[in-house]
Amino acid sequence: MIIAQVIAVVIFIAMFALIITEKLPRQYTTLGCGALTLIVVFGICMRSMAAITQTLNVQSIFTSNFWYSTAAEESSGINWATIIFIAGMMIMVEGMAHSGFFQWLCMNLAKLVNYKPVPLFIAFMVMSAVLAMFIDSITVILFLAAVTVELSKLLKINPVPMILAEIFCANLGGSATMCGDPPNIIIGTSLGYSFFSFITNTGVIAGISLIVVIIYFYFTFRKELQAESVTVDTSTFPKPSEAINNKKDFVISCVIFAVAVVLLITHANTHLTVAFIGLVVAAATLIAAGKHAMELLKKVDYETLLFFVGLFVVVGGLEQTHVLELIATTIGKISGGKIMPMVAIIIWISAIASAFVDNIPFAATMVPIIKDLSLIPGIRLDTLVWALSMGTDIGGSATPIGASANVVGTSVAARNGYPISWGKYCKVSAPATVIVITLSMLIIFLRYC
């Protein structure tokens, strides 16, 4: 077993190193490391077909509990519910984008605040956070940053302050719900938490933090915003209605989005799993798309889905060889088995790690660790869950590479002639990250410890 543990750890570290260096597309990295885990760790070292079966976890898809569940499903390895749900949401979002929903929303909001820089700045921050509660933050920033650049050209303002604020708020909004950020989807589906569980816990923390963050970014950029408060003739600006490509498709996409939100909010009561919701949303979008269905399917980010598959297999290697149990035991000893030091360790390690490495594999690795830690008398699992969620979701905001939304937002800015350097990004976002993580930790201490 010791040899299997060592090899599993080596494969895991190698996977992380390759993801950071970006020498290979990340889906190839995780799939290759996943294959090594199955062959070398499970096949050669452990000689365990049971470990392979449990990690691939294909059998779970064919159980009724996978689609309709009244209790949390205990499983390890590939979390197919997460993959199906994310795929379904990707298809729904592509349908919304195709109808012009995002541009329509941004233009309406800009018109509502009379295109004034300061109100526009605050409104787009709030919109970024709210949209990211229900839609993947990558998609939110992709469209929001593009519209921000368009508006900045019309208003003759610098879009960088708005883009930086939007990126941070998208990551913050994603922490508020189970479907907002991939780490939360992994945590929720793996440990049996519902949309309502997140919104009433991390949602409260995110809501309080959003107020603080808006104040922080306003004072950080107030001189630039006030200097840009010039009068611009808005009569020649495009009308929001011009963003809508097809009124029928627009209405249908809005209805499907509303249904998805309702199903997610109520799934703890209806017992419909997120896998079922993802499948229903995807099917409805494709049926509504008609002849454009194949076009939407082609736009799905299959690389990310494959990345998840390989990732879960590698983490399954650590789980099957009991390496994660050893890590949990170590954290338990360092914290003295006390909840407050444990929360502090989890939230800050998660935040620091997520600032430099992808927060998705980190969250997937930490889920079984906090599950083991909750076995210690006096340690509640949900307290550790909220610490892990806030740490991984917010920590990624500190650097340009900490979260996918950061990479997308800075890339859109650079393509349009507004490059954002590491220094510029970190000078603004790193202090905001420290503020929110500290605030989150204090709220968790006061509310749960």
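## Contacts, aromatic pairs and a helix in a predicted model

Leaving aside its neighbours within four places in sequence, I187 is in contact with G192, F198, V367, V385, L388 and S389. The model is a predicted one, and I187 is a convenient place to begin reading it. This residue belongs to helix 10 (residues 182-191), and I187 counts as buried because its relative accessibility is 0%, where buried means under 20%. One of its contacts, V367, is 180 residues away along the chain, yet the C-alpha atoms of I187 and V367 are separated by 6.3 Å.

Another of the contacts of I187 is F198, which leads on to the aromatic rings. Over the whole structure, a search finds 16 aromatic pairs. Two of them are set out below.

| Pair | Geometry | Centre to centre | Angle between planes |
|---|---|---|---|
| F134 and F257 | edge-to-face | 6.3 Å | 85 degrees |
| F198 and W386 | edge-to-face | 5.3 Å | 75 degrees |

The pair of F198 and W386 ties together parts that are 188 residues apart in sequence, because F198 lies in helix 11 (residues 195-199) whereas W386 lies in helix 20 (residues 381-395). F198 is buried, with a relative accessible area of 0%, and W386, at 2% relative accessibility, counts as buried too.

The pair of F134 and F257 likewise links distant parts of the chain, 123 residues apart, with F134 in the loop between helix 7 (117-132) and helix 8 (137-155) and F257 in helix 13 (residues 247-270). Are these two rings buried or exposed? F134 counts as buried at 16% relative accessibility, and F257 counts as buried at 15%. Both residues also belong to one aromatic cluster, which is formed by F101, W104, F134, F195, F250 and F257.

A ring can also face a charged group, and here R26 lies over the face of F307, at 4.2 Å from the ring centre.

Turning to the cysteines, the count of disulfides comes to zero. C426 is in no disulfide, because the nearest cysteine sulfur, that of C169, is 17 Å away, whereas a disulfide needs sulfur atoms within 2.5 Å. As for their surroundings, C169 counts as buried at 0% relative accessibility, while C426 is partly exposed, with a relative accessible area of 22%.

Helix 17 (residues 323-334) allows a check of its length: at 1.5 Å a residue its 12 residues should span 16 Å, and the end C-alpha atoms are 17 Å apart, which agrees. Which residues of helix 17 are buried? They are V323, L324, A328, I331 and G332. What covers these buried residues includes helix 1 (2-21), helix 16 (302-320), helix 18 (339-356) and helix 19 (359-373).

Just after helix 17, G336 takes a positive phi of about 70 degrees. S335 is found in the loop between helix 17 and helix 18, and S335 counts as buried at 5% relative accessibility. Not counting residues up to four places away in sequence, S335 touches P341, M342 and I345.

Definitions and conventions: Residues numbered from 1 in each chain as written. Predicted model: local features only at pLDDT ≥ 70, side-chain atom pairs only at ≥ 80, totals over all residues. Heavy atoms only, no water. Phe/Tyr/Trp six-rings, centres within 6.5 Å; stacked < 30°, edge-to-face > 60°. Helix = DSSP H or I, 4+ residues; strand = E, 2+ residues; numbered from the N terminus. Buried < 20%, exposed > 50% of the residue type's maximum accessible area, 1.4 Å probe, protein only. Lys NZ or Arg CZ within 6 Å of the ring centre and 35° of its normal. Contact = heavy atoms within 4.5 Å. Expected span 1.5 Å × (residues − 1).
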